[in-house]
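Let's take a walk through this protein together. Have the 3D view ready, and turn it as you read.

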Amino acid sequence: MTTAMIDLSKGIAVDAAHSIKNKVTEIQGVDLETGEIVFYKELGNQTINIGEFLAIVEGIKHITKYNKPKIIFSDSVTAISWVKRKRTASKKRNKHVQMAEIYLKVAAYWVDKVEIIHWDNEAWGEIPADFGNK
């Protein structure tokens with residue numbers, strides 16, 4: 001898909017941040033049309049890939065609950081592949097990951113209607129949901 005075909009003003013951008021020092025992983029989603037943060041969660045001490053995965057799942061839940069444009073942007077290739085497979089490859093198993101995997105499978109009909117697009121940080125700049133911790 002070329003950039004010309006992608007509308008960067010519709011959908012939800014999601015991201016995760018992990019602080020090794022504080023042992024906290026955070027996720028959030030931003031509505032690209034309004035700039036509003038539509039969800040934010042602290043997940044405890046997770047990996048960044050798990051955080052990115054859970055951010056996409058949370059974005060899907062938001063879209064299906066509020067009937068928003070069915071587009072999610074994530075800058076994590078790993079998390080996108082996990083969501084598409086509806087299963088992580090992480091050895092770190094916990095209730096957040098298990099519940100997300102169950103949700104993706106049970107709600108597959110709706111989940112599969114959401115387009116997940118890789119956000120190209122190099123071409124488009126930092127993803128709008130970025131925490132700015134770099």
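Let's start with a pair of strands. Strand 2, covering residues 24-31, pairs with strand 3 in the antiparallel sense, over five bridges. Within this pair, Ile27 sits opposite Lys41 of strand 3. Keep in mind that what you're looking at is a predicted model.

Now zoom out to the whole sheet. It is an open sheet of five strands, in the order 3-2-1-4-5, and the pairing is mixed. So what is left without a neighbour at the edges? Strand 3 (37-42) and strand 5 (115-118) stand there, and each has a single partner strand, so one side of each has no neighbour in the sheet. On average, neighbouring strands of this sheet are turned by 20° against each other, if you ignore direction.

Next, the helices that go with the sheet. Helix 1 (residues 48-66) packs on the sheet and touches strand 1 (12-19), strand 2, strand 3, strand 4 (71-74) and strand 5. The direction of helix 1 makes about 150° with that of strand 1. Helix 2, made of residues 77-85, lies across strand 4 and strand 5, and it runs at about 160° to strand 5.

Remember Ile27 and Lys41, the two that stand opposite each other? They turn up again in the lining of the second largest pocket, along with Leu43, Leu54, Val57, Glu58, Lys61, Lys95, His96, Met99 and Ala100. This pocket has a volume of about 150 Å³. Which helices each supply at least two residues of its lining? Those are helix 1 and helix 3 (95-106). Sorted by class, the lining has six nonpolar residues, four charged ones and one polar one.

Last stop: two residues with a backbone angle worth a look. Most residues other than glycine have a negative phi. Asn67 is not a glycine, yet its phi is positive, at about 50°. You'll find Asn67 in the loop between helix 1 and strand 4. Lys86 is not a glycine either, and its phi is also positive, at about 65°. Lys86 belongs to the loop between helix 2 and helix 3.

Are these two buried or exposed? Asn67 has a relative accessibility of 61%, so it counts as exposed, the cut-off being over 50%. Lys86 has 14%, so it counts as buried, where the limit is under 20%.

Key. Residues numbered from 1 in each chain as written. Predicted model: local features only at pLDDT ≥ 70, side-chain atom pairs only at ≥ 80, totals over all residues. Heavy atoms only, no water. Pairing = 2+ DSSP bridges. Helix = DSSP H or I, 4+ residues; strand = E, 2+ residues; numbered from the N terminus. Axes fitted to C-alpha atoms, helices over the stretch in contact; angles between N-to-C directions. Contact = heavy atoms within 4.5 Å. 1 Å grid on protein atoms, 1.4 Å probe; cavity = no way out; pocket = protein on both sides within 12 Å on 5 of 7 lines; lining within 4 Å. Points joined across faces, edges and corners; volume = space filled by probe spheres on them. Nonpolar A, V, L, I, M, F, W, Y, C, P; charged D, E, K, R; others polar. Buried < 20%, exposed > 50% of the residue type's maximum accessible area, 1.4 Å probe, protein only.
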